[in-house]
Structures are given as structure tokens and as C-alpha cells.
Amino acid sequence: MIENDTKNIGMNDCGMSVVIPVKNREGLIVRCLDSVKAQTWRPVRVIVVDNGSTDRTAPVVKEWIEANKEVEFSVKLVDEQRPGAACARNRGLMEVDTEYVLFFDSDDAMAPDLIENAMSAFCNDSAVDLVHWRTEVIYPDGSVKKRKFNPGNYWRYHIYHALLGTLCYAARTSFFRKAGGWDNSLTGWDDWEAGIRILLANPAIVAIDRVLAYIYPQAESITGTDFHSKAGEWERAIDRAEEDVACSGRDDAEWIIGMINYRRAILASHYEREKRHDLAAPLLERALRHSCLSGYRRWLLKMLYHYTAIGGRGAYMLWT
């Protein structure tokens, strides 16, 4: 979670801060920064957090800052040596003194009017805590896929599809801090777990049904190209999210925990698909033993596991 930070409680700027953690992205960070500078909204404050880069990322950012000075567009480079995107994002959050904040990834890009759309929503209703939008994935072969987007059921679509992923929303800074920021102990799916806590805080949300951010998958990323190489990291996020909900006291906590446990079983199916039965079997067994399951739902969960393990898609539609 975020560390206690009192220096920014009296925020003095109603603009937007963009926090960008970066590690070894000397060939990609400029595209991201160019897309932020191209924003039609001002003022914008950018906080780039170097998370232990060993290439020329830091010098490249410094050179870009020097070449792109502009009124109402400031960029600051700070350092965070503790590993993990969550630590880097929290370090950037400590620097934020604007009323609104969004977090972005260094290898991705914004549509030019992303911040303008977000700020318009905030300015139109002072009660709004969070604004989110569509994102699009652009693969190395040029193919494009729009990510799932359904603001009609935030819990289902976030738990199953990470609706509140890192690039998908902007928030009132005070609200985001109150929700707890990022969990520094998590090194995988930390944005997914943060989204759980955000929803538990019952935000007033505005949805923008437009693609405003573009995701460019990289092999050397937090999620990587498989699940088994980071086994244990995903499980910690699932366990933490379940704890978050169990401690919330919500009347619908059992329903939400049931969906989180479904994700545990589906993770096990991905391990099985990757021929890591040694990882899949104990995780599936844990999911099937969960107290939230009736006999029928235990049987159904097992069937959906096997369906996904052989390559089936859309199993979540049968799980409510």
C-alpha cells in the first residue's frame, strides 16, 4: 500500500498528473512521452519513475525533457530502486500535487484527447471519483483487439477482464490515496488487485465508450508471455483480493469472493495448458475446496477448468 504522505494533502492544482514507471525501455519511452505531450489538455504534469534501469532509459528521458520544455507541461524524472511496478507507481504518487491522476505504462501510447475527455467528465460533475475508457491492444504483427468493456457490471468485468487495468482510468487523487494506492508486496496483477479495492470504495464512475489508450504488448513485460514462469505472483494477488473483500463487510462479499475464486481455477487451467500439472493440480484443488462453493458449483467449476485447459474461451459467461 502507499506510504503515509502528508506533503501533498493540500493539493494546489486542479490539473492532471501522469505517472509513468519505466525500466529498460530506452527504445520505447519516447513514443509514450510523445503521446502525452500531444495531449490537447493543459496543464499536464508528468512524473517518470525509473525503476532500476540498466540501459540508457534515464539519459533518454533526460534528453527528451530538455528538448520538450513547454509552458503548462512539466516532466520530472525520479528514481525508485525497489523492484516492481507497484513500488514505482507509489513513488510517483508521492510526487502528485494535482487534483487528478492517471497511471500509464512506458511502452504504450495515449490518444491525443485522452486527458481532455477525462477532465471534461471530472469538470462536468464534481462528485465523480473515477473516469475510465476503452483500450485497444496492437500486436507486433499489426493485428488489433479491443479489450472487454462493459460498465454495466463492474465487478464481473473487472474480476474477469481487468476492466480497471493500469491504462484504463483516471481518478481523483484523494480518492485513489484513500483506496490504498498500489500494494508494494505484489509483483503481478497488482493493478487488478488495486481495482478490487477501488470498487470496494464505491466510486462515482463515468464510463467513456471510446478507445483512448493503445497497448503494445512486449515480451519483457510484467505479465510476460506465459503464466508458469511467475507462478506464485498471480496467486498472491488473488489471495490479497480475496482478503480485501472478506474484510469489507459487504453484503455481497460471498458473491464477489466466488468470482475471485473462479479466477483462481482459471489460472490453474492456464498452468495445465502450459503443461505444468505440478502447478495446476494443487491450485485447482484449493479452488474446489473453497467454502463459497456448493456441490453443483464445485462440479461446474471443475468442468470450466477442463474446458479452458484444452483451449476453450468464454467460460466466464457460465459463471455468475
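**Helix packing and backbone details**

Four residues of helix α10, Ala280, Leu284, Ala287 and Leu288, meet Arg298, Leu301, Lys302 and Tyr305 of helix α11 (contact: heavy atoms within 4.5 Å; helices, H or I, at least four residues, and strands, E, at least two, are DSSP runs numbered from the N terminus). The model is predicted: local features need pLDDT of at least 70 and side-chain atom pairs pLDDT 80 or more, while totals for chains, interfaces and linings use all residues. Numbering starts from 1 along each chain as its sequence is written, and side-chain values use heavy atoms, without hydrogens or water.

**Helices α10 and α11**
- Helix α10 covers residues 277-288, and its axis lies 10 Å from that of α11 at an angle of about 155 degrees (axes are lines fitted to C-alpha atoms, for helices over the stretch in contact; angles run from 0 to 180 degrees between N-to-C directions).
- That angle makes α10 roughly antiparallel to α11 (under 35 degrees is roughly parallel, over 145 roughly antiparallel, 65 to 115 roughly perpendicular, the rest oblique).
- The crossing of α10 and α11 is right-handed (the near helix is turned clockwise from the far one by less than a right angle; anticlockwise is left-handed).
- Helix α11 spans residues 295-309 and includes tryptophan 299.

**Helices α9 and α10**
- Helix α9 runs over residues 253-273, and its axis comes within 8 Å of the α10 axis, crossing at roughly 160 degrees.
- The pair α9 and α10 is therefore roughly antiparallel.
- Here the crossing is left-handed.
- From α9, the contact uses Asn261, Arg264, Ala265, Leu267, Ala268, Tyr271 and Glu272.
- From α10, the partners are His277, Leu279, Ala280, Leu283, Leu284, Arg286 and Ala287.

**Helices α7 and α8**
- Helix α7 (residues 190-200) packs on helix α8 (residues 233-246) at about 10 degrees, with axes 9 Å apart.
- That angle makes α7 roughly parallel to α8.
- On the α7 side, Trp192, Glu193, Ile196, Arg197 and Leu200 make the contact.
- On the α8 side, Ala237, Ile238, Arg240, Ala241, Asp244 and Val245 make the contact.

**Backbone details**
- Arginine 42 and proline 43 are joined by a cis peptide bond, with omega about 5 degrees.
- Proline 43 sits in the loop between α1 (29-37) and β2 (44-50).
- Asparagine 24 is not a glycine, yet has a positive phi of about 55 degrees.
- The loop between β1 (13-22) and α1 holds asparagine 24.
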